[in-house]
Amino acid sequence: MQNALTGLFSGLSPRYYHYCSAAAFFEIVKNGEIWASDLESMNDPREVKNGLPVVKDYLDSLSFAEGSENQKFLEEVRAAFDNYKEKIKFLGASFTQRKDDLYSWMNYSDGGKGFSIAIEEDYFPRHWWRSVIYEPQLFSKSIAQTFEEHMREYSGCDANMKEKMPVFCAIDLVSLTASYKHKSWENERETRLLIPFGSMAGEPSTFEIFGDPEPFVQNGDVGFRATRNNIRAFAGLDLVHADRGGGSRPSIAEVIIGPNNRSDRGVVEILLNDYGFDNATVSGSECEFVE
């Protein structure tokens, strides 16, 4: 919150921090990309599905006057949600607003031997950023707010948009479930970069990213990579060449060297400069962390 308020009053975009090992940092800088991977193939794929029954229960609990516009909207949202909840998947990359955080160094940066990379919020589409929700009550409130906002828009839109609004609402509700995690993970205070994708043909054919992913996704499509125990869908998010009205704008705004990382600051600055990230500031962690 403090980081977001600082950005608001200074005129700067809020920054999100990605913690990683030294090896991962080097690959990110060298290749000019950060990976967003299929959330269902991560350590706990259940977390993506945990919110779906909560949304369904909420929709099932609602009722409006028979034949009313609100009831028609509700029924169409229910049908769209049932249709899309298994079709839409999400590519995700993990960030946090915590700039120099001991918990993150310990758990996500090779015991403090790695780096933290800051990316400004407005580099990628703002609707891709989702703050993770850990409290069940807050998640339920977010579901209600999302539905009610779409219902208000539905009542005031033209006939053409009325056909689309229930689908938009259903997709937003599915997207909300991809940012819901168990309370035991709340120390992460994670913000996710979420990109919806899937195979809309109903049968395995090819994955496509929904919306207009270029120029933010390298090659504009979904690729695959092997891990120790699975084949994982992913996309490389371009950190250098996203067009901003003529020319490229490097995304890395700041790099923090971990508390147990012995890298020379000058060497890191030259590395960043060589790969086009010359505007990034480099500093050392202030955390007191000894192995």
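Begin by selecting helix 2, residues 22–31, where the buried residues (under 20% relative accessible area, with over 50% exposed and partly exposed in between, for a 1.4 Å probe and protein chains only) are Phe-25, Ile-28 and Val-29. Looking down the axis of helix 2, you will find these buried residues within an arc of 95 degrees, taken from the directions from the axis to the C-beta atoms, so they line one face of the helix. This is a predicted model, in which local features need pLDDT of at least 70 and side-chain atom pairs count only at pLDDT 80 or more, while totals for chains, interfaces and linings use all residues. Residues are numbered from 1 along each chain as its sequence is written, and side-chain values use heavy atoms, leaving out hydrogens and water.

Next, show what covers that face by contact (heavy atoms within 4.5 Å): the cover includes strand 1 (15–20), strand 2 (33–38), strand 4 (115–120), strand 10 (252–257) and helix 9 (265–274). Helices (H or I, at least four residues) and strands (E, at least two) are DSSP runs numbered from the N terminus.

Now turn to the aromatic rings, of which the whole structure holds 16 pairs; rings of Phe, Tyr and Trp (its six-membered ring) pair if their centres lie within 6.5 Å, and planes under 30 degrees apart count as stacked, over 60 as edge-to-face and the rest as tilted. Select Phe-73 and Phe-147, a tilted pair at 5.4 Å centre to centre with 45 degrees between the planes, which links helix 5 (residues 69–84) to helix 7 (residues 136–155) across 74 residues. Phe-73 counts as buried because its relative accessibility is 0%.
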